[in-house]
Amino acid sequence: MLELAILGFLQDGRLHGYDLRKRIAALTGHVRPIADGTLYPLLKRMEAAGLLSRELEPGQVAAPRHMLSLTEAGAKLLRHRLREPDDLFITDENRWFTMLAFLRHLDDPAAQAAVLRRRLHFLTQPASFFWDGDRPLRAADFDDAFRQGLFTIATATTHAELKWLRQTLAALEQAS
């Protein structure tokens, strides 16, 4: 998820490492805070792999800044990850939101629609946080206000996402 966010934000434009860290934190930070000890070694590995480049730029007030840019290899990897996301990027809400934040970088409406159809299929399968054997439990199955709240919020969120997915798929299919 972190690598996809790095690729996506650098596809948007050149960034200093600190600015990149702030953007990632804004997208995923409350769920998965990012430590410097995680981000900067990953940036170095991605640079060594030829996915991004680093350029020294004069600082506005202080020392020179290292600006990061996406290379063509990095852009190609981003497009591949967007076109063929792992199942976790479809089923895990936090990874899905990261995918959604950058899906616009996949310029092919048919490929975008294919990703959205995978999410739609996932959301329309029987699901629950709790099960009774093979039967998914619903809010009405609990007299616990907190579990009812969990189900009520999750159901409303899913309905909103399903509506958005269907509308967006219709628009993408018209564009294809």
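Two residues are in contact when they have heavy atoms within 4.5 Å. With that understood, good morning. The model I shall present is predicted, and I will begin with one loop residue.

Asp141 sits in the loop that runs between strand 5 (135-136) and helix 8. Leaving aside residues up to four places away in sequence, Asp141 touches Arg135 and Pro136. Two polar interactions of its side chain deserve attention. One is a polar contact with the side chain of Arg135, at 3.3 Å. The other reaches the backbone nitrogen of Arg138, at 2.8 Å. Is Asp141 buried, partly exposed or exposed? Its relative accessible area is 39%, and because buried means under 20% and exposed over 50%, Asp141 counts as partly exposed. For a sense of distance, the C-alpha atoms of Asp141 and Pro58 are separated by 62 Å, the two residues being 83 apart along the chain.

From that loop I move to helix 8 itself, which spans residues 145-175 and contains Glu161. Glu161 has 12% relative accessibility, and therefore counts as buried. Apart from residues up to four places away in sequence, the contacts of Glu161 are Trp96, Arg119 and Leu123.

Trp96 brings us to helix 6, where Trp96, Thr98, Met99 and Phe102 are buried. Viewed down the axis of helix 6, these buried residues fall within an arc of 160°, so they line one face of the helix. As a general reminder, an α-helix has 3.6 residues a turn, so residues three or four places apart point the same way. At the start of helix 6, a side-chain oxygen of Asp92 comes to within 3.3 Å of the backbone nitrogen of Asn94. Helix 6 covers residues 93-102 and also holds Ala101, which is partly exposed at 30% relative accessibility. Between Ala101 and Ile153, the C-alpha to C-alpha distance is 22 Å, across 52 residues of sequence.

Finally, I turn to the largest pocket, which has a volume of about 610 Å³. It is lined by 21 residues, and those closest to its centre are Ala127, Phe129, Ala154, Thr155 and Thr158. Which elements give two or more residues to this lining? They are helix 7 (109-123) and helix 8. Helix 8 gives the most, with 10 residues. Sorted by class, the lining comprises 10 nonpolar, 7 polar and 4 charged residues.

To close, I would return to two points: the side chain of Asp141 makes a polar contact with that of Arg135, and Glu161 in helix 8 touches Trp96. Thank you.

Key:
Residues are numbered from 1 along each chain as its sequence is written. This is a predicted model: local features need pLDDT of at least 70, side-chain atom pairs count only at pLDDT 80 or more; totals for chains, interfaces and linings use all residues. Side-chain values use heavy atoms; hydrogens and water are left out. Helices (H or I, at least four residues) and strands (E, at least two) are DSSP runs, numbered from the N terminus. Buried means under 20% relative accessible area, exposed over 50%, partly exposed in between (1.4 Å probe, protein chains only). The arc is that of the directions from the helix axis to the C-beta atoms. A polar contact is a pair of N or O atoms within 3.5 Å; within protein, one must be able to donate a hydrogen and the other to accept it, and residues adjacent in sequence count only if both atoms are side-chain atoms. On a 1 Å grid over the protein atoms alone, a cavity is a set of points where a 1.4 Å probe fits but cannot get out, and a pocket is an open set with protein on both sides within 12 Å along at least five of seven lines; lining residues have an atom within 4 Å of a point. Grid points are joined across faces, edges and corners, and a volume is the space filled by probe spheres set on the points. Ala, Val, Leu, Ile, Met, Phe, Trp, Tyr, Cys and Pro count as nonpolar, Asp, Glu, Lys and Arg as charged, and the others, Gly among them, as polar.
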